[in-house]
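Q: Please take a close look at one small part, the open sheet, and describe how its strands are put together, then place it beside the nonpolar cores.

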Amino acid sequence: MSDFDIKAFLQHLSQRAGVYRMYAADNSLLYVGKAKNLKARVSSYFHARGLNTKTLALVGHIHHIEVTVTASEAEALLLEQTLIKEHRPPYNILLKDDKSYPYIYLNAHPYPSLSYKRGKSKSDAGQYFGPYPNSTAARETLNYLQKIFMIRNCTDGYFANRSRPCLQYEIKRCTAPCVGLINSKDYADNLRQAVLFLQGKNTELIQELQKKMLEFSAVLEFEKAAKTRDRIEMLRLTQQQQNVYGENADADVWALVEWQTILCVHRLAFRQGKLLGSKHFYPKNLAGEDNEQVLLDFISQYYLNQLYPEGLPGTLVVGLGGEQIEPLLEAIKIQQARKLIHGQGARGQMRIWLSMAAENAQVGAQSKLSGHQEAKHKLEKAAAVLNLMETPNRIECFDISHAQGEATYASCVVYDHEGLNKSRYRRFGIKDITAGDDYAALEQALRRHLIRCQEAQDLPDLVLIDGGQGQIGRVQQVVHALNLSVRVFGISKGETRKSGWEYLWEAGMKQPIMPDAHDEGFRLLQLVRDEAHRFAITGHRKARAKSRSHSDVEKLTGIGPKRRKELLLHFGSLHNMRSASREELEKVPGISKKLAETLYLQLHGE
């Protein structure tokens with residue numbers, strides 16, 4: 001328990017609505033919360049009984065508390081979300097802000113294509129449809145468009161160089177405009193219908209197609225009439241698959257389920273009678289709040305940070321009381337000038353929706369738990385193949401990548417109960433070593449990483465190195481120097497240099513472990529090693545590309561972009577600049593006599 005004097009603090013604390021901020025001894029923000037009654041809410045953290053272990057862990061780190069009184073609970077909620085987004089306190093429910101949603105993109109071309117794109121680009125001259133809640137929804141929609149309207153999805157370069165129809169034409173997914181098998185008028189008509197589909201105007205589209213079918217029949221063009229009929233049937237089938245519970249549904253439905261310590265929040269998004277969004281979220285409840293409060297905190301961040309890809313709904317269906325949800329609705333009204341209706345889901349259609357969301361949340365929690373169990377099983381197998389007495393909770397694997405010593409990077413990838421945990425991946429830029437010295441690079445990366453882990457009291461159970469006895473011996477020296485008990489193993493290719501024939505080494509071993517190529521634990525170690533290799537190469541290539549895209553002229557101090565441009569226009573190259581005298585440098589626009597002197601000295605290394 002901390003030394004925070006809660007009695008003295010509570011003695012003069014206001015009972016009005018506001019925001020409270022809990023700080024640690026190093027002045028780092030631990031938790032932000034809002035309250036209808038500040039005194040009652042803050043005092044609840046310091047009750048002698050009834051607190052769970054997570055809340056006790058939070059309270060044990062509190063050094064001091066700061067509060068801000070607000071005019072209403074809605075204003076407190078807005079301030080709370082602003083502070084959470086800005087500071088991301090470790091004990092709050094944190095929601096990742098992923099702005100790179102999937103879209104369907106209609107490019108600007110005489111025969112436009114429809115393609116999948118992630119994120120909008122201001123430089124694109126075409127039209128975007130979306131955003132879609134996930135890549136699966138966007139790709140399924142594209143699949144429907146190809147089947148029904150036969151719009152091309154190839155690149156413009158591929159389109160321009162065709163001399164005969166491609167496979168997409170043969171399987172009736174494209175009308176082959178690249179080789180003139182459809183005229184521009186008919187293609188534009190198909191495209192206009194596809195846009196109507198993307199805009200959700202299915203009823204209008206079906207009516208138009210029905211009219212066309214009758215027109216084709218009247219002039220005895222039965223083949224075209226049959227194709228139009230098939231298109232109508234496909235549209236109807238698609239509409240049946242997408243429409244759920246009424247044409248005018250415009251609501252977000254939320255449910256939270258806790259399954260064997262796994263919390264899963266699920267959101268269903270209905271727009272114009274279509275289920276457009278269905279997504280799992282897994283918040284971490286480090287402060288030990290009850291589940292209703294977790295759900296409320298989560299959806300508050302979701303709406304007040306405007307993270308909804310389908311737009312703000314008309315109705316919010318969530319199994320919370322009106323008193324609980326009202327501050328959020330008021331905050332949305334203040335922030336976005338939109339009034340939302342709250343549906344508690346007690347009866348009728350909303351009850352069905354809420355049940356559907358809860359069922360999805362249950363499935364999500366069970367799926368997450370099974371993923372944890374699978375990862376745990378693989379870690380147990382890895383422990384068996386390495387002859388470890390205890391199963392590691394976390395494996396960290398290191399690898400080095402460079403090109404003849406240039407842009408040396410070390411990577412660290414992590415496998416734990418989450419599987420490959422990319423949020424814990426790290427790269428290390430290696431400096432001040434002999435070019436190409438992999439041993440020194442590995443030693444530097446491990447030393448920096450293990451010191452940081454030691455300070456945070458978050459050491460891995462097992463370190464895996466892509467290398468053999470030499471690398472292991474060097475790393476073991478680092479471990480001994482830091483007085484750590486971390487087990488270190490290496491995985492080397494062996495004499496054949498083939499996958500599946502690797503050796504496993506530990507410091508001091510005279511003979512390596514030579515596991516069965518099909519052993520599940522061994523395959524996990526291979527997977528982690530390959531991921532570390534991929535991650536290291538990616539970092540190295542980025543660094544090398546960045547260094548090669550910069551000119552040595554950019555290293556000249558006191559020379560900004562405008563003067564740099566003038567110098568290059570005047571001299572043409574850095575070589576010509578070095579050959580120039582002080583007087584010639586002064587002739588460049590923007591270069592004073594003093595700057596010319598400084599520049600001359602830099603160019604000649606003085």
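A: In this predicted model, Leu106 stands opposite Leu114, a residue of β5. The strands concerned are β4, which covers residues 102-106, and β5; they run antiparallel and are joined by five bridges. Together with a third strand they make up an open sheet, whose order is β5-β4-β6 and whose pairing is antiparallel. Because β5 (114-118) and β6 (127-129) stand at the edges and each has a single partner strand, one side of each is left without a neighbour in the sheet. From one strand to the next, the twist averages 35°.

Turning from the sheet to the nonpolar cores, the largest of them holds 29 residues, of which Trp254, Ile299, Tyr303, Leu316, Ile325 and Leu328 touch the most other members. At least two residues of this core are supplied by each of the helices α4 (73-87), α11 (291-304) and α12 (322-336), and likewise by each of the strands β7 (251-259), β8 (262-271) and β10 (315-318). The largest share, eight residues, comes from α11. Looking at Ile299 in particular, and leaving aside residues up to four places away in sequence, one finds that Ile299 touches Trp254, Val318, Ile325 and Leu328. There is also a second, separate core, made up of 24 residues, with Ala382, Leu462, Leu464 and Leu525 among them.

Technical notes
Residues are numbered from 1 along each chain as its sequence is written. This is a predicted model: local features need pLDDT of at least 70, side-chain atom pairs count only at pLDDT 80 or more; totals for chains, interfaces and linings use all residues. Side-chain values use heavy atoms; hydrogens and water are left out. A nonpolar core is a set of buried Ala, Val, Leu, Ile, Met, Phe, Trp, Tyr and Cys residues joined through side-chain atoms within 4.5 Å. Buried means under 20% relative accessible area, exposed over 50%, partly exposed in between (1.4 Å probe, protein chains only). Helices (H or I, at least four residues) and strands (E, at least two) are DSSP runs, numbered from the N terminus. Contact means heavy atoms within 4.5 Å. Two strands pair if DSSP finds at least two bridges between them. Axes are lines fitted to C-alpha atoms, for helices over the stretch in contact, and angles run from 0 to 180 degrees between N-to-C directions.
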